[in-house]
Amino acid sequence: MKIASWNVNSLNVRMPHLAQWLRDAQPDVVALQETKVEDERFPDSQLAELGYRSVFCGQKTYNGVALLSRVPFASECVTAIPNFDDPQKRVLAATVGDVRIVDLYVVNGEKVGSEKFAYKLRWIEAVRAWLREELITHPNMVVLGDFNIAPDDRDVHDPKRWREKILCSTPERDALRSLLDLGLHDSFRLFNDEPGHHSWWDYRLAAFQRNWGLRIDLALVSDALRPRITAAGIDKAPRTWERPSDHTPVWLQTD
DNA sequence: ATGGTGGGCATCCCA
């Protein structure tokens with residue numbers, strides 16, 4: 001099973017890109033972020049024509065997540081973090097086969113020390129408490145999405161320039177560590193320990209052409225699922241297309 | 001220190 005994640009930065013704009021990429025990459029499950037589309041307007045019939053069922057949790061203008069699957073979802077989906085009051089649509093969990101899939105659009109945080117930064121850390125702590133419970137009932141789990149955190153300096157094109165900046169700061173990396181400490185593993189790093197592999201490049205300053213990027217889109221796998229992961233990677237091709245998202249898909253393969 | 005680009009939307013907010 002190929003499981004992927006992509007922050008599409010508006011599904012309205014990127015639907016043609018998504019359709020092309022589904023045909024090219026043939027994923028079985030896809031987690032989307034920043035769909036920016038209300039549920040009433042989600043293009044589920046168009047995706048059905050492409051062979052994918054969808055569940056979604058969106059809002060107008062900002063945020064929004066969705067899960068696509070070639071096989072039926074095995075359970076009702078969860079669309080909010082339990083016991084955490086949050087109007088922003090950033091999480092979606094569902095089950096495919098015997099694998100629990102948790103799609104996260106982590107808060108960006110704007111600037112270290114800002115109000116949004118405090119919200120980011122509170123939000124991740126609430127996610128941690130939720131995943132701790134989910135892992136008890138669903139030991140086979142993939143937690144994937146736009147984490148808005150580069151795990152370490154290998155994931156940053158210029159660590160000196162990004163030192164303690166948003167997406168790279170110690171409090172954010174500690175927060176990510178608190179998730180990994182639940183028994184989750186960064187699938188990309190099971191297969192590749194090199195620097196210079198990124199999943200997001202700023203639209204400005206021709207960042208993609210210069211590979212001025214960060215690896216902030218992650219697919220984490222649980223202890224129980226880890227032995228079943230056979231490959232993981234980043235698909236840079238969609239970032240080269242006309243009018244791209246600023247993120248590109250990341251994926252993993254299970255046996 | 002600043003601003004560069006893009007999406008949504010209709011004015012700046014968010015990334």
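These questions and answers set values from a predicted model against the definitions behind them. Residues are numbered from 1 along each chain as its sequence is written, chains are lettered from A and ligands numbered from 1 in the order in which they are written. In this predicted model local features need pLDDT of at least 70, side-chain atom pairs count only at pLDDT 80 or more, and totals for chains, interfaces and linings use all residues, while side-chain values use heavy atoms, with hydrogens and water left out.

Q: What makes a residue count as near DNA strand B, and which residues come nearest?
A: A residue is near a strand if one of its heavy atoms lies within 4 Å of it. There are 16 residues around DNA strand B. Ser10, Lys60, Thr61, Lys116 and Arg204 come nearest. Sugar and phosphate make up 71% of the atoms of DNA strand B that come within 4 Å of the protein.

Q: How do you know that Lys116 makes a polar contact with DNA strand B?
A: A polar contact is a pair of N or O atoms within 3.5 Å; within protein, one must be able to donate a hydrogen and the other to accept it, and residues adjacent in sequence count only if both atoms are side-chain atoms. A polar side-chain atom of Lys116 lies 3.0 Å from a phosphate oxygen of DNA strand B. The value is within the cut-off, so the pair counts. For Arg14, an N or O atom of the side chain is 3.3 Å from a phosphate oxygen of the strand.

Q: Which part of DNA strand B does the side chain of Arg204 approach?
A: A base oxygen, at 2.9 Å from a polar side-chain atom of Arg204.

Q: What makes seven residues of the surface near DNA strand B charged?
A: Asp, Glu, Lys and Arg count as charged; Ala, Val, Leu, Ile, Met, Phe, Trp, Tyr, Cys and Pro as nonpolar; the others, Gly among them, as polar. By that rule the surface divides into seven charged, five polar and four nonpolar residues. Helix α1 (residues 11-25) gives the largest share of this surface, three residues. Helices (H or I, at least four residues) and strands (E, at least two) are DSSP runs, numbered from the N terminus.

Q: Why is Val127 called buried?
A: Buried means under 20% relative accessible area, exposed over 50%, and partly exposed in between (1.4 Å probe, protein chains only). Val127 has 1%, so Val127 is buried. Val127 lies in helix α3.

Q: Why is Thr61 called partly exposed?
A: Its relative accessibility is 42%, so Thr61 falls in between the two limits. Thr61 sits in the loop between β3 (53-57) and β4. Its phi is near 75°, a positive value in a residue other than glycine.

Q: Why is Arg243 called exposed?
A: Arg243 has a relative accessible area of 62%, which is over 50%, so the term applies. Arg243 is found in the loop between α6 (237-240) and β13 (250-254). Phi of Arg243 is near 50°, again a positive value in a residue other than glycine.

Q: Is Arg100 buried or exposed?
A: Arg100 has a relative accessible area of 5%, so Arg100 is buried. Arg100 is found in strand β6. A polar contact of 2.8 Å joins its side chain to that of Glu134.

Q: What makes strand β2 (residues 29-33) mostly covered?
A: Five of its five residues are buried. Val29, Ala31 and Gln33 point one way from β2, and Val30 and Leu32 the other way.

Q: How do you know that β2 pairs with β1 and β4?
A: Two strands pair if DSSP finds at least two bridges between them. Strand β1 (residues 2-7) and β2 have five bridges, in the parallel sense. Ala4 has Val30 as its bridge partner in β2. Five bridges also join β2 to strand β4 (residues 65-69), and these run antiparallel. Ala31 stands opposite Leu67 in β4.

Q: What makes the largest nonpolar core a core, and which residues touch the most other members?
A: A nonpolar core is a set of buried Ala, Val, Leu, Ile, Met, Phe, Trp, Tyr and Cys residues joined through side-chain atoms within 4.5 Å. This one has 27 residues. Leu104, Trp123, Leu131, Val143 and Phe147 touch the most other members. The largest share, eight residues, comes from α3.
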